[in-house]
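Please open the model in your viewer and keep the selection panel at hand. We will walk through it one stop at a time.

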Amino acid sequence: MTPARFVAALLGTDPEPFGAHCVRCKRWTWAPVEVGYIERQSGPGVVLYGCPSHAVALNPRPMPGELERDV
Ligand SMILES: [Zn+2]
């Protein structure tokens, strides 16, 4: 969840509430935080989310585009 969507969700102005299952506790959260990304050999990769209380304890992994260098 981007900071802008997080603020919009808090204010209730987000048109599409977004939720996901936490990779640690497997519970549904309406404030998911991106904590990882799994590349797949075919098709798009899978983004891993954590609930706010577990996201701070999970080791962050690079997200798509974070390891690419600007030349
Ligand atoms: Zn959790």
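The tour below begins with the whole chain and then moves from selection to selection.

**The whole chain**

Before selecting anything, keep in mind that this is a predicted model. Start with a cartoon view: you should find 2 helices and 4 strands. Following the sequence, their order reads α-β-β-β-β-α. If you turn the model along its principal axes, the C-alpha trace spans about 40 × 30 × 25 Å. Colour by burial next, and 15% of the 71 residues come up as buried. As for contacts with a separation of 6 or more, 36% of them join residues that are 24 or more positions apart.

**Stop 1: helix α1**

Select residues 3-11, which form helix α1. How many of its 9 residues are buried? The count is 0, so this helix is hardly covered, as a residue needs 20 or more other C-beta atoms within 10 Å to be called buried. Now pick A9, which sits in helix α1. A9 is partly exposed because it has 17 C-beta neighbours inside 10 Å. Add W30 to the selection and draw a C-alpha to C-alpha distance: the two residues are 21 apart in sequence and 8.5 Å apart in space. Step just past the end of α1 to reach G12, where phi is positive at about 80°.

**Stop 2: the loop between β1 and β2**

Go to β1 (20-21) and β2 (28-29), and select K26 in the loop that lies between them. Here is a backbone detail to look at: K26 is not a glycine, yet its phi is positive, at about 65°. Is K26 buried or exposed? K26 is exposed, because 8 other C-beta atoms lie within 10 Å, and a count of 12 or fewer places a residue in that class.

**Stop 3: the nonpolar core**

Select C22, V33, V35, L48, Y49, C51 and A55 together, and show their side chains; these 7 residues make up the largest nonpolar core. Two strands, β3 (33-38) and β4 (46-50), each supply at least two residues of this core. Now centre on A55. Leaving aside residues up to four places away in sequence, A55 touches V33, V35 and G50.

**Stop 4: G50**

That last partner deserves its own selection. G50 is part of strand β4. Why does G50 count as buried? The reason is that G50 has 24 C-beta neighbours inside 10 Å, and the cut-off for a buried residue is 20 or more. Which residues does G50 touch, not counting those up to four places away in sequence? Show C22, V23, R24, P32, V33, V35, A55 and L58 to see them. For a distance check, add F18: its C-alpha atom and that of G50 are separated by 13 Å, with the two positions 32 residues apart along the chain counted as their separation.

**Stop 5: beyond α2**

Finish by following the chain past α2 (52-55) into the segment after it, and select A57 there. A57 is exposed, because 9 other C-beta atoms lie within 10 Å. To close the tour, draw a line from the C-alpha atom of A57 to that of L11: they are 46 residues apart along the chain and separated by 26 Å.

Technical notes: Residues are numbered from 1 along each chain as its sequence is written. This is a predicted model: local features need pLDDT of at least 70, side-chain atom pairs count only at pLDDT 80 or more; totals for chains, interfaces and linings use all residues. Two residues are in contact if their C-beta atoms, placed from the backbone, lie within 7 Å. A nonpolar core is a set of buried Ala, Val, Leu, Ile, Met, Phe, Trp, Tyr and Cys residues joined through C-beta atoms within 7 Å.
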